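Trainee: Please take a close look at the pockets of this model. What lines the largest pocket, and what lines the second largest pocket?

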Amino acid sequence: MTRPPARTRTRLRALLAQWGFVVPAVVYLLLFFGYPIVENVVMSFQQYTPATFYTGAAPFVGLRNYAEILTSGQFSQALLTTVLFTAGSVAGQFLLGLALALFFRRSFPLGGLLRSLLLLPWLLPLVVSATTWKWMLDTDDGVVNDALRALHIVSSGIPWLTGTSQALVSVTLVNIWVGIPFNTAILYSGLRNIPAQLYEAAALDGAGPVASFRHITWPLLRPAVSVVLVLGVVYTLKVLDIILVVTGGGPADATQTLATRSYQLSFQQFEFGRGAAMGNVLIILSLVLALVLRRADRRAAHA
């Protein structure tokens, strides 16, 4: 039996090496992402209750779980809260992150140290950050109200977490604080990749800061902007721990989102089928918004 040519053997080894890197990643994705998603979809079409764990019986109910959650009054309120929470968080994180990225683009003493310290909110566990903010925003003993009273801005404590009109604003601000470092890091990296010669040429042509930002910074920063917006929307839609720790979804469901509603159905009311259906609705919403943002970015790039 003749051996294959040396070139063929080299190509075969290269192909096997490539698959050696790809296969573990594919297996990981299938086991830890694909399998849970498939099981969640299957569960959403079943009447899955705590008794199912003992009997193994989970009757098929078709679209009943979806019909029940979509027609309930809580769904429309949770959807509106999710949209407001996501829009406010993503806008705040992006605008403040962009402002800080532009600020840190210029070299100044201790700039590297300040950039490193800026990452602390992102590195802290979310439960720790949320617990700290819950204490800070406490109506009676919170440091925020103490500072406002000391500055004579308010005479009594603001119910940041117990007022129905303040609670959503509070959790949104907390989520903005958590997400600013990620936005700043990605946008700062994008700014660093823009050649300085372009700004020098623009300055020679008489372009000011606004014109340079409009015609140089923004067009060349668009890939990084697309990344932070898409990831920001997807991450914010599924935010659970911050809301659960800070407000628990209250008061009076004022901070109840689709994510917290799915958690409530599954692990508080033990209606796993309806909770899975709510989770699938959240996944579909995330995919739709991500595709819309990507398409809008492509249209803007070709405009």
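Mentor: A pocket here is an open set of grid points with protein on both sides within 12 Å along at least five of seven lines, and its volume is the space filled by probe spheres set on the points. The model is predicted. On that basis, the largest pocket holds about 580 Å³ of space. Its lining consists of 20 residues, and those nearest the centre are Asn40, Ser262, Gly279, Leu282 and Ile283. Three elements each give two or more residues to this lining: helix H1 (6-44), helix H13 (258-267) and helix H14 (272-302). H14 supplies the largest share, seven residues. Sorted by class, the lining of the largest pocket has 13 nonpolar residues, six polar ones and one charged one.

The second largest pocket contains about 330 Å³ of space. It is lined by 17 residues, with Asn175, Val178, Gly179, Tyr235 and Val239 closest to its centre. Here the elements that contribute two or more residues to the lining are helix H9 (167-192), helix H11 (209-237) and helix H12 (241-246). The largest share comes from H9, at five residues. By class, the lining of the second largest pocket divides into nine nonpolar, six polar and two charged residues.

To set the two side by side: the largest pocket takes its largest share of lining residues from H14, and the second largest pocket takes its largest share from H9. Each lining has six polar residues, alongside 13 nonpolar in the largest pocket and nine nonpolar in the second largest pocket.

Definitions and conventions. Residues are numbered from 1 along each chain as its sequence is written. This is a predicted model: local features need pLDDT of at least 70, side-chain atom pairs count only at pLDDT 80 or more; totals for chains, interfaces and linings use all residues. Side-chain values use heavy atoms; hydrogens and water are left out. On a 1 Å grid over the protein atoms alone, a cavity is a set of points where a 1.4 Å probe fits but cannot get out, and a pocket is an open set with protein on both sides within 12 Å along at least five of seven lines; lining residues have an atom within 4 Å of a point. Helices (H or I, at least four residues) and strands (E, at least two) are DSSP runs, numbered from the N terminus. Ala, Val, Leu, Ile, Met, Phe, Trp, Tyr, Cys and Pro count as nonpolar, Asp, Glu, Lys and Arg as charged, and the others, Gly among them, as polar.
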